[in-house]
Each structure stands twice: as C-alpha cells, then as structure tokens.
Amino acid sequence: MNITLLIIDQDNPFRNNLIGRLHHENYKILLAVRQEDIKQILDKEDIDVVLLNLDKTNREGLMILKQIKTESPLTEIIIINSSKHIALSIEGMKLGAFDDFFLPFDVESLIQRIKDAFLHKLSKK
C-alpha cells in the first residue's frame with residue numbers, strides 16, 4: 001500500500017522513534033510540528049492518514065484536527081494521547097478522528113489501524 005502519512009508531534013524523541021518503527025512499512029512519511037507546517041503540507045500533498053499526538057498539544061491539537069478535517073475531509077486522523085487526557089480523545093473522536101491510541105501502545109496494532117484508516121478513506125471516494 002502506498003500510504004502518505006503525516007505525523008504531527010512536538011516530542012522529537014517520540015517522533016523519531018515512531019518514524020524508525022514505521023519506516024519499514026514504506027509509507028511516505030511527512031512531519032509537522034507547527035500549525036503553519038500543516039497548512040503548507042495540506043496544500044501540497046494528498047494526505048491519507050494523520051497521526052496526531054494530543055499529549056503535548058492539548059486543545060491546540062483539537063484545533064489542528066478541525067483544520068485538517070475542514071481542508072481535507074477525506075483524510076483520516078488517528079489520535080495518539082496519554083490516558084490523562086481521555087476527554088481530549090473523546091472530543092477528537094466527536095470531531096471526526098478515525099481512532100485513538102493511548103500511550104504506551106503496540107506499534108503493530110497502530111500499523112494495522114493505519115492500514116484500516118487508509119482503506120476507509122478509499123471507501124469514501
């Protein structure tokens with residue numbers, strides 16, 4: 001599967017670890033830290049799936065989720081979050097996120113959900 005994956009995360013070590021773990025999947029992986037980066041990427045790329053880490057962004061992350069769903073409604077979003085922010089995950093799901101994963105998580109399960117999100121996007125076209 002040729003999946004274009006956007007990872008939005010402000011935690012460099014976590015982001016780098018995640019990229020390392022996902023690299024063998026042959027995804028086209030794009031990175032964004034700031035909201036301005038996200039806008040530029042959405043303007044240039046057809047993003048299939050977004051991994052959005054809400055753990056550090058909190059409410060700003062929900063605004064990012066809304067922005068993505070407004071500008072690219074077919075893009076599927078998987079929230080990554082800590083269990084201390086369950087309310088944010090619930091709100092994100094109500095805003096249209098495809099799924100959520102709580103830290104720590106099993107990478108193989110995340111990979112399967114990325115594939116599921118991609119297939120879900122294709123089914124909406």
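## A tour of the fold

Color by secondary structure and follow the chain from its N terminus: the pattern reads β-α-β-α-β-α-α-β-α-β-α. That gives 6 helices and 5 strands; both are DSSP runs, numbered from the N terminus (helices: H or I, at least four residues; strands: E, at least two).

This is a predicted model, in which local features need pLDDT of at least 70 and side-chain atom pairs count only at pLDDT 80 or more, while totals for chains, interfaces and linings use all residues. Residues are numbered from 1 along each chain as its sequence is written, and side-chain values use heavy atoms, with hydrogens and water left out.

**Select residues 4-8 and 28-32.** These are strand 1 and strand 2, running parallel and joined by 5 bridges. Strands count as paired if DSSP finds at least two bridges between them. Now pick isoleucine 8: its bridge partner in strand 2 is alanine 32.

**Add residues 12-22.** This is helix 1, through which the chain crosses from strand 1 to strand 2 in a right-handed β-α-β crossover. To check the hand, point the strands away from you: the path from the first strand over the helix to the second runs clockwise.

**Zoom out to the whole protein.** The C-alpha atoms fill a box of roughly 35 × 30 × 25 Å along the principal axes.

**Switch to contacts.** Take heavy atoms within 4.5 Å. Of the contacts with a separation of 6 or more, 66% join residues 24 or more positions apart.

**Finish with burial.** Of the 125 residues, 50% count as buried, meaning under 20% relative accessible area (1.4 Å probe, protein chains only).
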